[in-house]
Amino acid sequence: MGNATRRASLAIGWAAATLCLPTLAHAGGRLPISPVTKSFKSHRACVASLEATYAEDRRQIVPRAIDANGNTRETNLLTKGIERLGPKTARYDATIWYHNGGLRADLPGQQLETSHSYRHRIRQCEGRVMTTSGGDGYTLSTFDAADTPDRPKQ
């Protein structure tokens, strides 16, 4: 292999490695959703839809629970609720987090691996038109000491 070919191969290799580095450093992933719009009969009807969505999201909250096998489940809602941004503008920005854990017998001690995923939606009413955007994603799993009857999770 000649020097010119070797230099070209090295340059291509370094370029490929450089392009891959940002993906290697991610601690999770996110998939955006394309914005969609929906028209209502009035601004009031649009805001009523925001309120109904907020109520539905609150019903999804599940406090941390542990089953007989040591598996855990929890659902959290992060939001400021419905925000009034102007006389004809309202927004509901919410993230629902899903946490599911299981005991890992292959790890030293009793460790619980918990996976974390989320659904983030931004719904904004401008007059009688609602625009919905956001995304779905996940983070890397976390590891904690497993809950035991004599040492419950704090």
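E83 is partly exposed, with 23% of its relative area accessible. In this predicted model, the side chain of E83 meets that of R91 in a salt bridge, with 3.8 Å from N to O. R91 is also partly exposed, at 25% relative accessibility. That pair is a handy place to start, and the other charged pairs come next.

## Charged pairs

The structure has 7 salt bridges in total. Side chains of opposite charge can pair when their charged atoms come close. Here are some of these bridges side by side, with how open each partner is.

| Salt bridge | N to O distance | Acidic partner, relative accessibility | Basic partner, relative accessibility |
|---|---|---|---|
| E83 and R91 | 3.8 Å | E83, 23% | R91, 25% |
| E56 and R59 | 3.0 Å | E56, 38% | R59, 59% |
| D106 and R104 | 2.7 Å | D106, 55% | R104, 24% |

Take E56 and R59: both sit in helix α2, 3 residues apart, or about one turn of the helix. E56 is partly exposed, whereas R59 counts as exposed.

D106 and R104 come with company. D106 is exposed and R104 is partly exposed. Through salt bridges with shared partners, R104, D106 and E113 form one network.

## The overall layout

Stepping back, the chain has 2 helices and 6 strands. Read from the N terminus, the order is α-β-α-β-β-β-β-β. The chain is 154 residues long, and 26% of those residues count as buried. About 10300 Å² of surface is exposed, with carbon and sulfur atoms supplying 58% of that area.

How do the contacts spread along the sequence? If you take contacts between residues at least 6 apart, 57% of them join residues at least 24 apart.

## The disulfide

Which cysteines are linked? C46 and C125 are joined by a disulfide, with 2.0 Å from S to S, and the count for the structure comes to 1. The link is left-handed, at -90° about the S-S bond. C46 belongs to helix α2 (residues 43–59) and C125 to strand β5 (residues 111–126), so the bond ties together parts that are 79 residues apart in sequence. If you're wondering where these two cysteines sit, both C46 and C125 are buried.

## The nonpolar core

Those two cysteines also turn up in the largest nonpolar core, which has 11 residues. Alongside C46 and C125, its members include F40, V47, L50, L77 and M130. The set also takes in A90, Y92, A94 and I96. Helix α2 and strand β4 (89–104) each supply at least two residues of this core. Which element gives the most to it? That would be β4, with 4 residues.

F40 is worth a click in your viewer. Leaving aside residues up to four places away in sequence, F40 touches A45, C46, S49, R128 and M130. Of these neighbours, C46 and M130 are also listed in the core.

## Aromatic pairs

A pair of aromatic rings is described by the distance of the centres and the angle of the planes. Searching the whole structure turns up 2 such pairs.

One of them is Y54 with Y92: the ring centres lie 5.1 Å apart and the planes make an angle of 45°, so the pair is tilted. Y54 is in helix α2 and Y92 in strand β4, so the pair ties together parts that are 38 residues apart in sequence. What about burial, then? Y54 is partly exposed, at 22% relative accessible area, whereas Y92 is buried, at 0%. Y92 is also one of the core residues.

Then there's W97 with Y118, a tilted pair with 4.9 Å centre to centre and 50° between the planes. W97 lies in strand β4 and Y118 in strand β5, so this pair ties together parts that are 21 residues apart in sequence. Y118 counts as buried, with a relative accessible area of 16%.

## Putting it together

Helix α2 keeps coming up: it holds C46 of the disulfide, the E56 and R59 salt bridge and Y54 of an aromatic pair. Strand β4 does too, with Y92 and W97 in its run and 4 residues given to the core. Strand β5 carries C125 and Y118.

Methods. Residues numbered from 1 in each chain as written. Predicted model: local features only at pLDDT ≥ 70, side-chain atom pairs only at ≥ 80, totals over all residues. Heavy atoms only, no water. Buried < 20%, exposed > 50% of the residue type's maximum accessible area, 1.4 Å probe, protein only. Contact = heavy atoms within 4.5 Å. Areas by Shrake-Rupley, 256 points an atom, 1.4 Å probe, with all protein chains shown as cover. Disulfide = S-S within 2.5 Å. Salt bridge = Lys/Arg side-chain N within 4 Å of Asp/Glu carboxyl O. Core = buried A, V, L, I, M, F, W, Y, C linked by side-chain atoms within 4.5 Å. Phe/Tyr/Trp six-rings, centres within 6.5 Å; stacked < 30°, edge-to-face > 60°.
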